[in-house]
Amino acid sequence: MFEIFILLAKYLFIIYMCVFLLCGFCINLSKEGVVDVSENLLAAVQRIMIMLFHITAFIILVINDKEQPTVTLIFGLISLLYIMLGCILLEKIYKKSSPIMYNGIFFLTDIGLVMLTRLDDSLASRQFIWCLLGLAVLIVLPPILNILPRLDRFRVLYAALAIVLLMCTLIFGSNFYGSTNWISIGPVAFQPSEVVKLLFVFFLASALSQKPELRQLIVPTAVSAVIILCLVAQKDLGSALIFSMTFLVVIYIATSNVFYLLGGFGCGALASVLAYFLFPHVRTRVNVWLDPWSDIENSGYQIAQSLFAVGSYGLFGSGFTRGYADYIPVVERDFIFSAVCEEFGVLFGIGIILVFVMIFLEGVRAALYSRSRYLTLLSAGLTALLTFQTFLIIGGDIKFVPLTGVTLPFVSYGGTSITMSFVIIAIIQWVYMRNDMYKQDKTPEEYTPHPVDEQIPHRRRRRRSME
Amino acid sequence: MKNTIKKVFWIYTLLFVVLIGYLCKVSLADSNEFITNSYNPRLNRVSDYIKRGSILDINGQVLAYSEKDEEGVYHRIYNDSNIFSNITGYTSKGKTGVEAKYNFMLETVSSELIQRIKDAFAGTEVSGDDVVLTVDADLQRYAAEKLGTSKGAIVAMEPSSGKILSMVTYPNYNANTVNEDWETLNSEESDSPLLNRAAQGLYPPGSTFKILTAAAALGEDPDYLNYSMVCEGVKRFDSATRIRCFNSTVHGNEDMTKAFAKSCNTYFSTIGTMLGIDKLNSEAYDFMFNQSLGFDLEYSQSSFSLPLDSNLSAVVETSIGQGKTLVTPLHMAMITSAVANNGIMMKPYIVDHSQSQSGNVKNRTIPEKLRSIMSPDIAAEITELMKEVVNSGTATDAAIYIDPGDVVTSDSSTSSSSVGVITGNVQVAGKTGTAENASGDDHAWFVAFAPADNPRIAVSVILENAGHGDKAIASARDIMKYYFTNCINK
């Protein structure tokens with residue numbers, strides 16, 4: 001009977017995912033003024049889907065746990081409470097925030113917690129502590145940012161801090177997973193590159209907050225180059241790539257000049273080719289990406305195991321807890337996506353990608369309606385960070401791009417990574433809420449939900465005033 | 001600025017759409033190629049929760065199945081195991097054969113959801129998919145009976161597709177008692193019963209290799225067909241090299257047809273020296289020597305070695321199938337099939353499809369061309385040569401006559417419209433071989449296919465230390481005849 005439940009659950013998980021995405025899609029349509037539906041109701045349905053997902057998954061986990069089912073049960077209940085409280089509390093406190101963004105990240109966080117519980121209980125409980133911290137960040141960060149004065153004035157501070165942090169890592173750093181990108185202070189080890197991410201985007205946004213001429217691009221470019229080279233020196237190629245792409249996107253948005261994007265991309269390609277010939281470890285990565293099968297015992301092992309996980313059970317997966325994810329090395333960090341694809345099915349994996357796209361759309365929306373260049377660039381830059389990180393690791397897992405050991409935001413295990421992802425979302429939400437305040441300054445009527453006929457001229461007016 | 005942001009969003013969307021597309025490609029299209037890699041741990045899994053699927057013959061006869069004992073533990077049971085164990089393999093000491101290679105299918109439950117829910121309420125066990133072989137169990141039993149207790153192997157295949165119809169080997173073992181017999185099976189005196197001689201046994205090809213030498217000659221120049229010389233039973237090439245026909249028989253004046261029919265060693269060794277080392281090497285390469293055959297079960301690669309600096313004696317010996325050449329009965333059956341199939345060698349396969357418990361067919365094997373090893377013209381000429389072997393040469397005993405009354409059909413109502421039923425005189429094309437063996441009596445080879453004008457079956461027989469090939473010829477003949485009377489019309 002339990003087997004049948006696991007089998008049924010396979011389809012249930014996919015149904016939950018579809019309903020969640022459908023609701024998100026309808027909310028987006030409503031925001032664009034295509035249809036008129038209650039966004040609050042749909043967001044509530046999304047939360048119910050997360051709850052059902054959590055309950056279904058933990059029923060399986062508890063029955064499957066032969067050693068300490070009560071502990072798993074208690075963990076399941078506490079994390080359920082956390083997820084529900086998180087979504088509802090945030091939406092109640094911040095009425096003008098984007099509920100689908102909160103729902104999206106909590107769904108992903110829950111998928112991460114469920115998968116980690118299945119792989120290793122102790123990792124899951126540690127991850128849970130970080131999630132609690134993340135929730136606290138989401139709650140307290142927006143008012144703090146409101147109080148703080150003019151964060152766009154400290155560009156020198158951001159740049160200096162970022163470079164100092166990276167230098168420290170280079171000098172004092174310890175080696176994990178082949179990259180020197182960790183610092184240990186007493187018992188706590190953290191990844192400075194995750195913190196530098198934030199400083200980097202703050203720096204770019206404030207440095208470009210006035211419409212720049214070519215001459216004024218030199219300093220930001222030089223600083224970015226130093227930061228990126230530091231990351232390359234630490235062999236943290238994933239972060240270096242993410243920073244480079246973010247830099248290009250921010251420059252492109254700040255200048256609206258497509259030649260900077262193309263030129264930058266050309267330089268990036270050139271640099272990659274150069275790196276291939278200069279650094280043996282880059283060469284190894286690329287060769288493994290091109291052909292993991294010829295050296296399957298050693299360098300190709302990870303990616304081959306990942307592909308087996310993704311490819312063996314097809315669209316609907318092996319059934320939760322019935323896969324072989326334990327065989328993939330560092331599955332909880334780099335390959336969590338493959339493990340999810342194996343047990344929940346490739347369809348569910350596609351769903352996860354779409355949930356990410358939904359979150360990024362909200363980030364782009366925040367940038368689109370920001371009231372200052374600084375806020376636009378800040379939210380666009382932060383969104384770009386998450387976007388490229390997600391793309392790189394999922395692409396790496398399925399051998400679409402060379403594997404760079406970065407984490408999948410909200411899902412992978414990793415303290416610094418998950419906390420910083422929450423910080424990024426908190427800031428984007430803050431920008432989003434400020435946009436709404438701005439809208440209300442201009443028009444007295446309540447913003448959400450809008451009658452369709454009023455919303456369109458309203459947007460047009462605002463756009464004109466920006467340009 | 002706003003338009004730029006929108007463009008950036010479309011770039012993101014495009015990136016992820018491409019990513020999703022690639023994910024689908026990897027998991028749905030490409031995965032068939034890589035998930036069978038031996039490093040995939042899923043291939044070795046045995047689930048405690050489901051019943052392993054059965055292994056069936058092409059007509060649904062059960063060869064291996066699982067059954068629960070009183071304690072609720074599944075056991076694997078094999079029917080007629082000594083006859084089928086080289087194909088099914090075993091599961092008790094690691095896994096071999098189909099059990100190993102198709103473990104994934106046997107352990108995969110692909111029944112429809114509704115069917116499985118019904119099963120759950122009816123208390124029916126959840127069972128993995130069945131694997132259906134291309135092998136005809138009746139033909140397999142018949143071939144095993146023909147082989148009897150002679151050491152050796154027989155492979156029968158369908159030339160047009162590469163389907164293995166039967167594959168027997170002796171000595172064999174019982175997969176039900178592998179655990180208990182393990183020591184005996186691996187002892188020195190046991191003559192390696194765990195070795196599937198049909199696919200893993202390497203033998204000198206003897207005169208069956210003349211198929212290759214003839215094909216090489218005809219490929220070089222079609223006029224070789226009319227090349228004549230006088231056989232004196234023995235020929236001296238140089239002081240160190242002398243070749244002798246079987247029993248030193250003097251064949252007199254002969255062209256290729258007669259020399260092939262009588263299996264004249266002096267003729268083909270002369271031709272070999274005329275062709276030279278390069279040509280023999282390239283022909284052996286074309287014939288898939290030293291190469292992967294892509295067969296699903298454990299097999300050995302045939303080996304051909306004639307280095308450029310070989311002396312005359314090596315060339316002479318190699319061109320009549322002595323020398324260092326080693327070949328498996330499976331490979332010999334494939335070569336024979338290729339002659340029958342217009343020169344196209346098909347990839348051999350032994351699993352036709354898998355099916356869910358509700359009968360849905362999955363993973364049907366699609367016949368695949370391995371290589372065109374000779375032109376259709378040459379294949380037709382070799383076929384003529386091989387017909388003459390049966391009509392007037394060394395294998396006159398292989399001729400088949402089928403009395404229409406012997407033909408067994410499954411359904412009496414359709415037997416009246418006997419389309420495709422083979423009766424009367426059936427033209428067989430074949431080639432005998434006697435492989436000299438350093439450690440004992442010669443091995444006897446016979447390869448054949450029939451009917452020559454529309455081949456349905458090719459057979460390769462090797463009998464270790466059987467001397468000359470009478471029994472091999474008779475076995476091949478009887479197996480082909482049995483196939484036409486008892487199997488083909490099912």
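This report describes selected features of a predicted two-chain model, moving from confidence to the chain contact and then to local packing.

**Confidence**

Chain A has a mean pLDDT of 85, with 90% of its residues at 70 or more. Residues 440-467 of chain A stand apart from that picture, since pLDDT stays under 50 over this stretch, and the model has 16 contacts for it beyond four places in sequence. Where pLDDT is low, the predicted coordinates should not be read in detail.

**The contact between the chains**

The contact between chain A and chain B draws on 40 residues from chain A and 32 residues from chain B. On the side of chain B that touches chain A, helix H1 (2-34) and helix H5 (113-122) of chain B each supply at least two residues, and H1(B) accounts for the largest share, with 18 residues. By class, the residues of this side of chain B are 22 nonpolar, 6 polar and 4 charged.

**A helix pair in chain A**

In chain A, helix H13 (residues 336-344) packs against helix H14 (residues 346-368) at an angle of about 135°, and their axes are 6 Å apart. Angles from 115 to 145 degrees fall in the oblique class, and H13(A) and H14(A) are therefore oblique to each other. From H13(A), the residues making the contact are A:Phe337, A:Val340, A:Cys341 and A:Phe344, while H14(A) contributes A:Val346, A:Phe348, A:Gly349 and A:Ile352. The contact of H13(A) with H14(A) comprises 7 nonpolar residues and 1 polar residue, with no charged residues.

**Sheet and hairpin in chain B**

An open sheet of 5 strands in chain B follows the order E6-E5-E19-E18-E17, with antiparallel pairing. Its edge strands are E6 (164-170) and E17 (429-435) of chain B, each of which pairs on one side only, and the twist from one strand to the next averages 5°. Helix H13 (residues 329-340) of chain B packs on this sheet and touches strands E5 (152-157), E18 and E19 (457-463) of chain B, its direction making about 150° with that of E19(B).

Elsewhere in chain B, strands E8 and E9 form a hairpin with 2 residues between them. The table sets the pairing of E8(B) with E9(B) beside that of E17(B) with E18(B).

| Strand pair | Sense | Bridges | A bridge pair |
|---|---|---|---|
| E8(B), residues 234-238, and E9(B), residues 241-244 | antiparallel | 4 bridges | B:Asp238 with B:Thr241 |
| E17(B) and E18(B), residues 443-450 | antiparallel | 7 bridges | B:Lys431 with B:Val447 |

**Buried positions in chain B**

B:Ile243 belongs to strand E9 of chain B. Is B:Ile243 buried or exposed? B:Ile243 counts as buried because it has 21 C-beta neighbours inside 10 Å, where the cut-off for a buried residue is 20 or more. Leaving aside residues up to four places away in sequence, B:Ile243 touches B:Lys235, B:Asn265, B:Thr266, B:Ser269 and B:Val316. B:Thr266 is 23 residues from B:Ile243 along the chain, yet their C-alpha atoms are separated by 6.3 Å.

Helix H2 (residues 81-88) of chain B is likewise mostly covered, with 6 of its 8 residues buried. The buried residues of H2(B) are B:Ile83, B:Phe84, B:Ser85, B:Asn86, B:Ile87 and B:Thr88. Just after H2(B), B:Gly89 adopts a positive phi of about 75°.

How values were computed. Residues are numbered from 1 along each chain as its sequence is written. Chains are lettered from A and ligands numbered from 1 in the order in which they are written. This is a predicted model: local features need pLDDT of at least 70, side-chain atom pairs count only at pLDDT 80 or more; totals for chains, interfaces and linings use all residues. Two strands pair if DSSP finds at least two bridges between them. pLDDT is the predictor's confidence in each residue, from 0 to 100. Two residues are in contact if their C-beta atoms, placed from the backbone, lie within 7 Å. A residue is buried if 20 or more other C-beta atoms lie within 10 Å of its own, exposed if 12 or fewer, and partly exposed in between; C-beta atoms are placed from the backbone. Ala, Val, Leu, Ile, Met, Phe, Trp, Tyr, Cys and Pro count as nonpolar, Asp, Glu, Lys and Arg as charged, and the others, Gly among them, as polar. Axes are lines fitted to C-alpha atoms, for helices over the stretch in contact, and angles run from 0 to 180 degrees between N-to-C directions. Angles under 35 degrees count as roughly parallel, over 145 as roughly antiparallel, 65 to 115 as roughly perpendicular and the rest as oblique.
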